[in-house]
Amino acid sequence: MEHLNLILKKIPRLIMGFIIIAFGTNMTRYSGLGLNPWGTLHEGISIVTGISFGRVTQLTGVAVLLLSLFIKLYPGIGTILNMFFIGFFVDLIDKLGIIPRVDMISGKMLYLLLGMFLFNFGVYIYMSGRLGAGPRDGLMVGLVRLTGKPVSIVRPAMEFTVIALGILLGGTFGIGTIINAFGGGYMLNFIFKHFNYDPSINKNIALARAVKEPA
C-alpha cells in the first residue's frame, strides 16, 4: 500500500497543476492574439467536428498517449487524470466566466504572457509530483530522452508541427501562437531549472506498479 498512499497524498498537487494550466489556457484564448500551439490544434478539431474545446483536449490526449506507447513511454496516474481534468477545468472556467475579458492591446499582451506563465508553471507543478506526465508532456519527455536535446529545442519542434496541423483545420493563429511556440519551451526550461527539476530522470510511480503492489 506504500505506493498507493503516496499517490493519494500527491493527488491534490496534480489537481492544482491542472487548474493552473486551465487558467493559463483560457487567458491565452481570451487574449485574442492566438492560442498556444496545442490550443490551435484543439480549436481546429473543435471547428471541424463540433465537439467542445475541452472535450477535444481530452480526446487528443488519448490519441497522443497511444502514440507515446510506441516510444515505450508508459502512463502513470497523472497521465490518466491529465487527460480528463485539464479539459474539464478549461470548459468549467470558460462557462463560469470568472476571467474578465479585455479589449486594450496592453491587456491582451498581459493575458498572453500571464497565460503562458501559468500554463508552464502548472506543467511543472503536476509533473514534479512524479506521478506521470500528461500525454503531450510525456511525448515531449520521451523525445528529450530519445534525442538528448533540451526541452527548449524539442518542445518548439513539436509545437510548430502541431501549429501547422491546427491551421490546416481552421484553428486560431496569431502572434501569440508564435510567441508561445518560440518562448514556451524556454519558459518551461527556465522553470524546471529554477526548481532544479529534471523531467528526463525517470522517477515516476508507474500506474501498473501501484495497481499490482500487494496490500
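Does Asn196 count as buried or exposed, and at what relative accessibility? Good morning. I shall answer that question from a predicted model, and then turn to confidence and to one pocket.

Asn196 lies in the loop that connects α8 (175-194) with α9 (207-212). Its relative accessibility is 73%, so Asn196 counts as exposed, since the cut-off for that word is over 50%. The backbone of Asn196 also deserves a remark: its phi is near 55°, which is a positive value in a residue other than glycine.

Let us now consider confidence. The mean pLDDT of the protein is 84, and 91% of the residues reach at least 70. Helix α5 (residues 105-127) has the highest confidence, at 93, whereas α9 has the lowest, with a mean of 48. Over residues 207-211 the pLDDT stays under 50; for this stretch the model has eight contacts beyond four places in sequence.

Finally, I come to the second largest pocket. Rolling a probe the size of a water molecule over the atoms shows where empty space is left. In this pocket, the space amounts to about 160 Å³. Four elements each give two or more residues to its lining: α2 (37-49), α3 (53-69), α6 (135-147) and α7 (151-168). Among the lining residues are Trp38, Leu41, Val64, Leu139, Met158 and Leu165. How many residues of the lining are nonpolar, polar and charged? The lining has 10 nonpolar residues, two polar ones and no charged ones. Thr60 and Thr161 also belong to this lining.

Thank you for your attention.

Note on methods:
Residues numbered from 1 in each chain as written. Predicted model: local features only at pLDDT ≥ 70, side-chain atom pairs only at ≥ 80, totals over all residues. Heavy atoms only, no water. 1 Å grid on protein atoms, 1.4 Å probe; cavity = no way out; pocket = protein on both sides within 12 Å on 5 of 7 lines; lining within 4 Å. Points joined across faces, edges and corners; volume = space filled by probe spheres on them. Nonpolar A, V, L, I, M, F, W, Y, C, P; charged D, E, K, R; others polar. Buried < 20%, exposed > 50% of the residue type's maximum accessible area, 1.4 Å probe, protein only. pLDDT = per-residue confidence, 0-100. Contact = heavy atoms within 4.5 Å.
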